[in-house]
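Student: Got a minute to go through this model with me? I'd like to begin with pockets.

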Amino acid sequence: KTLYTQQEVNADRERRRTYSCVWLKDSNKVVQLGSEEISDVLISVEGNGKYALGLNDDPYQKQRSWDISYKVDAYLIEVETGEKIQIAEALSGRPDFSPEGKFVYWFSGPDSAWFAYSIDKKKTVQLTDNSKVAFYDELHDSPSLPGSYGIAGWTKDDDFMLIYDRYDIWLVDPSKELAHNNLTNGRAQKRISRYIWLDRDERSIEEVEPMLLSFTDEESRASGYYWFNIHTGVKNVVQEED
């Protein structure tokens, strides 16, 4: 399914390919999660979760000879049994787990939208639709699908996603029960705000504490930092440079 030259380059790696397994200490049992088809496996909660995410790009390898977009079928795998269910097909984007492993989320290039799959509800919801603002790269100018602006992260207990658009940070409920909330409102002033991780060991954002954000004026390039209280909307500038 791949070009011969590509097979040559990958030959040594393919000969050494291994597949992810878990050892269940209590039952002294080994469960194989990966396989020849599902070779890319990620276990939730930093390897301690109940589920794993398996990606299969085999059906789309031949297509990649003329289409550079990355496509996969995504499977949710139960770690203790190895049982799997398919949660997405021909997904153009790389899915990941939320920090607590309650959701699988991804940005879909063809839809120019964010999606989340609830593991408890076994349901996929489209989180953004670009009706108010674009969540895809507005300045994308190549003959390919535009990417996203990324996310700041998830809040504690996987309650909310903090998704970027070109300028702002949006608080988004992954269950879609609550309406989106634009936290920074910088589009009118063309001011870009981004979240700064002060502790890289933290897996999620504590929303009850002030968040440190950077800001950049898109036209003047003036920049700085401010503390933002997500509940009151108060912004306290700590540094600004012209």
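**Pocket, sheet and two buried residues**

Tutor: Sure. The largest pocket holds about 570 Å³ of space. Keep in mind that this is a predicted model.

Student: Which residues are closest to the centre of that pocket?

Tutor: Thr2, Glu14, Arg17, Asp57 and Gln61, out of 20 residues that line the largest pocket.

Student: And which helix gives the most to the lining?

Tutor: Helix H1, residues 4-15. Helix H1 supplies five residues to the lining of the largest pocket.

Student: How does the lining split by class?

Tutor: Ten residues are charged, six are polar and four are nonpolar.

Student: Switching to sheets. What's the strand order in the open sheet of four strands?

Tutor: S7-S8-S9-S10, with antiparallel pairing. Strand S7 (96-97) and strand S10 (123-126) are the edges, and each pairs on one side only.

Student: How many bridges join S9 to S10?

Tutor: Four, and the two strands run antiparallel. S9 covers residues 113-118.

Student: Which residue in S10 is the bridge partner of Phe115?

Tutor: Gln126.

Student: OK, Arg166 next. Where is it?

Tutor: Arg166 sits in the loop between strand S12 (161-164) and strand S13 (169-172).

Student: Is Arg166 buried or exposed?

Tutor: Buried. Its relative accessibility is 16%, so Arg166 falls under the 20% cut-off.

Student: What does the side chain of Arg166 make polar contacts with?

Tutor: One partner is the side chain of Glu218, at 3.1 Å. Another is the side chain of Tyr167, at 3.3 Å.

Student: And which residues does Arg166 touch, not counting those up to four places away in sequence?

Tutor: Glu218 comes up again here. The others are Ala134, Glu138, Leu139, Tyr149, Arg187, Ile192 and Arg194.

Student: How far is Arg166 from Lys132 in space?

Tutor: 12 Å, C-alpha to C-alpha. In sequence, Arg166 and Lys132 are 34 residues apart.

Student: Last one, Ser92. Which strand is that in?

Tutor: Strand S6, which spans residues 84-92.

Student: Why does Ser92 count as buried?

Tutor: Because its relative accessible area is 13%, and buried means under 20%.

Student: What is Ser92 in contact with, leaving aside neighbours within four places in sequence?

Tutor: Ser69, Tyr70 and Lys71 are among the contacts of Ser92. So are Phe107, Ser108, Gly109 and Pro110, along with Leu145.

Conventions. Residues numbered from 1 in each chain as written. Predicted model: local features only at pLDDT ≥ 70, side-chain atom pairs only at ≥ 80, totals over all residues. Heavy atoms only, no water. 1 Å grid on protein atoms, 1.4 Å probe; cavity = no way out; pocket = protein on both sides within 12 Å on 5 of 7 lines; lining within 4 Å. Points joined across faces, edges and corners; volume = space filled by probe spheres on them. Nonpolar A, V, L, I, M, F, W, Y, C, P; charged D, E, K, R; others polar. Buried < 20%, exposed > 50% of the residue type's maximum accessible area, 1.4 Å probe, protein only. Contact = heavy atoms within 4.5 Å. Polar contact = N/O pair within 3.5 Å; in protein donor to acceptor, adjacent residues only side chain to side chain. Pairing = 2+ DSSP bridges.
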